[in-house]
Amino acid sequence: LAPATPIEDIVRQQLKALAWLYRNGDRLGFDPERIVVAGHSAGAHLVALIHASPILATGLGAKPWLGAVLLDSAALDVVRVMEGKHPRLYDRAFGRDPGFWQATSPWHQMGKGAAPVLAVCSTQREDACRQADRYRDKAAGLGTRASVLPQDLSHSEINARLGMPGAYTRSVVQFMSRLDPVVATRLRHNRFPYNDARA
């Protein structure tokens with residue numbers, strides 16, 4: 001949606017949506033205290049941005065979430081991306097102002113108190129896992145439980161194959177299971193194929 005819709009407006013809309021889910025979870029049939037936020041590509045950048053500064057969420061009525069899953073974002077350090085060789089679409093989204101790059105850079109905005117995070121990255125993409133490693137290291141240095149899951153999958157396959165039987169899905173499910181014992185029990189008792197021991 002950028003630049004027609006500024007990134008800060010997109011983040012605000014995202015947090016308002018989370019706040020709405022918290023208010024309406026019981027009516028919709030899910031536990032609003034047990035939300036995991038996740039996104040792919042540009043969505044992973046947005047999730048990383050709110051994950052880096054959870055205090056933004058409380059100001060708009062959203063409560064802290066259990067954890068975050070970042071599916072192959074290559075914009076975790078926007079400043080580093082924009083200062084180097086990058087696809088032209090990044091210019092449309094982030095413009096030319098270094099101050100804006102820093103304001104929209106999850107790595108630069110990260111503070112203490114963030115929920116656990118799992119960054120999935122494609123080893124087929126230059127710099128994706130390097131950025132994920134730096135994000136994990138900074139998060140860990142601030143007391144956040146953080147891990148990286150490299151995958152030999154394309155950018156689109158990172159999204160398309162999550163939920164399919166196999167080690168990749170099992171690893172993401174294991175991350176979510178460690179966030180909360182109730183979540184772990186529900187994941188154990190569901191009937192999705194990724195819980196099949198043969199998957």
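A salt bridge is a side-chain nitrogen of Lys or Arg within 4 Å of a carboxyl oxygen of Asp or Glu. The exercises below use this cut-off on a predicted model.

**Exercise 1. Decide why Arg 130 and Asp 127 count as a salt bridge, and state how exposed Arg 130 is.**

Step 1. The side chains of Arg 130 and Asp 127 meet with an N to O distance of 2.9 Å.
Step 2. The cut-off is 4 Å between a side-chain nitrogen of Lys or Arg and a carboxyl oxygen of Asp or Glu, and the pair Arg 130 and Asp 127, at 2.9 Å, therefore counts as a salt bridge.
Step 3. Arg 130 has a relative accessible area of 45%, and because partly exposed covers the range between 20% and 50%, Arg 130 is partly exposed.

**Exercise 2. Find which parts of the chain are linked by the salt bridges of Arg 34 with Asp 180 and of Arg 125 with Asp 72, and say whether each partner is buried or partly exposed.**

Step 1. A search of the whole structure finds nine salt bridges, and in one of them the closest N and O atoms of Arg 34 and Asp 180 are 2.7 Å apart.
Step 2. This pair links distant parts of the chain, since Arg 34 lies in the loop between helix 1 and strand 1, while Asp 180 lies in the loop between helix 10 and helix 11, 146 residues apart.
Step 3. Arg 34 is partly exposed at 28% relative accessible area, whereas Asp 180, at 13%, is buried.
Step 4. Salt bridges with shared partners join Asp 31, Arg 34 and Asp 180 into one network.
Step 5. Between Arg 125 and Asp 72, the closest N and O atoms are 2.9 Å apart, and here the loop between strand 3 and helix 8 is linked to the loop between strand 2 and helix 4, with 53 residues separating the partners.
Step 6. Arg 125 is partly exposed, with a relative accessible area of 25%, and Asp 72 is buried, with a value of 0%.

**Exercise 3. Describe the largest nonpolar core, and name residues that Trp 65 touches.**

Step 1. The largest nonpolar core has 44 residues, and those with the most contacts inside it are Leu 18, Trp 65, Leu 70, Phe 94 and Tyr 135.
Step 2. Several elements each supply at least two residues of this core, among them helix 1, helix 8, strand 2 and strand 4.
Step 3. Leaving aside residues up to four places away in sequence, Trp 65 touches residues including Leu 15, Leu 18, Tyr 22, Val 37 and Ala 115.
Step 4. A second, separate core has 16 residues, including Leu 71, Leu 149, Leu 153 and Phe 175.

**Exercise 4. Follow helix 1, stating where its kink is centred and which of its residues are buried.**

Step 1. The kink in helix 1 is about 45 degrees and is centred on Tyr 22.
Step 2. Tyr 22 is one of the buried residues of helix 1, which also include Ile 7, Val 11, Leu 15 and Leu 18.
Step 3. Just after helix 1, Gly 29 takes a positive phi of about 90 degrees.

**Exercise 5. Explain why the chain can be called as compact as a globular protein of its length.**

Step 1. The chain has eleven helices and four strands.
Step 2. Its radius of gyration is 17 Å, which is close to the 16 Å that the globule rule gives for 199 residues, so the chain is as compact as a globular protein of that length.
Step 3. Of the 199 residues, 44% count as buried.

Terms used: Residues are numbered from 1 along each chain as its sequence is written. This is a predicted model: local features need pLDDT of at least 70, side-chain atom pairs count only at pLDDT 80 or more; totals for chains, interfaces and linings use all residues. Side-chain values use heavy atoms; hydrogens and water are left out. A nonpolar core is a set of buried Ala, Val, Leu, Ile, Met, Phe, Trp, Tyr and Cys residues joined through side-chain atoms within 4.5 Å. Buried means under 20% relative accessible area, exposed over 50%, partly exposed in between (1.4 Å probe, protein chains only). Contact means heavy atoms within 4.5 Å. The radius of gyration is taken over C-alpha atoms; the globule rule is 2.2 Å times the number of residues to the power 0.38. The bend at a residue is the angle between axes fitted to the seven residues ending there and the seven starting there.
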